[in-house]
Amino acid sequence: MSENAYDSGRLNLPFVGHCTFAKSPICLDWDNIDADVAILGVPNDMGTQWRSGARFGPRSIREASTLFSFGHGGAYDHEDDTLYLTQEDVRMVDVGDADIVHTDMNKSHANTKAAVKKILEQGAMPIILGGDHSINYPCLAAFEDRGPIHVIHFDAHLDFVNERHGVRYGHGNPLRRASESSHISGMTQMGIRNVSSSSRSDYDDARAAGSDIMSVRQVREMGTAEVLSRIPDRDQYYITLDIDCFCPSIAPGTGTPSHGGFQYYEVLEIIKGLTRKGNIVGMDLVEVAPAYDPAGVTSILAAQVLMNSIGFIFHERALKKQQ
């Protein structure tokens, strides 16, 4: 096990220098991404139905993530007795943002899909910072030749509306659109709760499409082990995490908060367990709207979830290589 190394090279501490995700190197040449993980921002909130502001999510998550930049030697977890996020396990770069064209959702989605495809073509895993949940549609569409993929969805809302007032690609539609894609083999949707825009027919359609839907209370009653046992064994998983899956007591900075949500470790333990079931091929985290959270705790939560998830994913990959 390598040691934490804070005494070699430039420290690049959180409050100095450029504000990239976890102080990762910048790579704006998308034809030459030499990394295991590419962080992509998608500052698009044109799909929101109520409070906008998630277009500033990528910037705020990047700033918050500098808190978790650990010098050159990784991050030690005493509970696991494991050093995560070492340079040997994972190399990260920040590739900037997809080109968003204000008021043009079709073009913005096309640009987002193209950006994610570039990352995949270069052999890196995309970690996407939203933006509202509408960005999940083009992100998943970029995997169209790489299925089958099972989607793991953390959210307060089902996001399975087919069409409303002519809108098919807003933040209430992405999981419906995903279910129509041949490379998506099924979905596990967790945290769904309270009154929302989805009707009973949306729930019926989701289940008919192969979705397993669990509320926060159901997840708590089952516990992590039983939840993981309900997730089908698949070779590839993609995680889409709406920050409003968490209780607004810890994640107030979002456009559509819903009380009674998850606490931090409830989600983290499921993600950690998922890394042992199969390969996580991509992840997006959406709906952070920093204007509604002056203290910045929502952005810090988002950054912490992502950093831990990346650590778990690539530590597990390293273990599997050794076997």
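## Exercises on a predicted model

The lining of the second largest pocket is made up of 11 nonpolar, three polar and five charged residues. The model is predicted.

**Exercise 1.** Describe the second largest pocket: its volume, its lining and the elements that supply the lining.

*Solution.*
1. The volume of the second largest pocket is about 380 Å³.
2. Its lining has 19 residues, and the closest to the pocket centre are Asp77, Tyr264, Leu268, Asn308 and Phe312.
3. At least two lining residues come from each of β2 (75–77), α8 (264–277) and α9 (297–322).

**Exercise 2.** Find how many disulfides the structure holds, and explain why Cys19 has no bond to the closest cysteine sulfur.

*Solution.*
1. A disulfide requires two cysteine sulfur atoms within 2.5 Å.
2. The closest cysteine sulfur to that of Cys19 belongs to Cys27 and is 18 Å away, which is too far for a bond.
3. Cys245 is in no disulfide either, as the nearest cysteine sulfur, in Cys247, lies 11 Å away.
4. The count of disulfides for the structure is zero.

**Exercise 3.** Decide whether Cys19, Cys245 and Glu226 are buried, partly exposed or exposed.

*Solution.*
1. Buried means under 20% relative accessible area, exposed means over 50%, and partly exposed is in between.
2. Cys19 has 39% relative accessibility, so Cys19 is partly exposed.
3. Cys245 has 0%, so Cys245 is buried.
4. Glu226 has a relative accessible area of 39%, so Glu226 is partly exposed.

**Exercise 4.** Place Glu226 in its helix and give its separation from Phe246 in sequence and in space.

*Solution.*
1. Glu226 is part of helix α7, which covers residues 224–230.
2. Glu226 and Phe246 are separated by 20 residues in sequence.
3. From C-alpha to C-alpha, Glu226 and Phe246 are 20 Å apart.

How values were computed:
Residues are numbered from 1 along each chain as its sequence is written. This is a predicted model: local features need pLDDT of at least 70, side-chain atom pairs count only at pLDDT 80 or more; totals for chains, interfaces and linings use all residues. Side-chain values use heavy atoms; hydrogens and water are left out. Buried means under 20% relative accessible area, exposed over 50%, partly exposed in between (1.4 Å probe, protein chains only). Helices (H or I, at least four residues) and strands (E, at least two) are DSSP runs, numbered from the N terminus. On a 1 Å grid over the protein atoms alone, a cavity is a set of points where a 1.4 Å probe fits but cannot get out, and a pocket is an open set with protein on both sides within 12 Å along at least five of seven lines; lining residues have an atom within 4 Å of a point. Grid points are joined across faces, edges and corners, and a volume is the space filled by probe spheres set on the points. Ala, Val, Leu, Ile, Met, Phe, Trp, Tyr, Cys and Pro count as nonpolar, Asp, Glu, Lys and Arg as charged, and the others, Gly among them, as polar.
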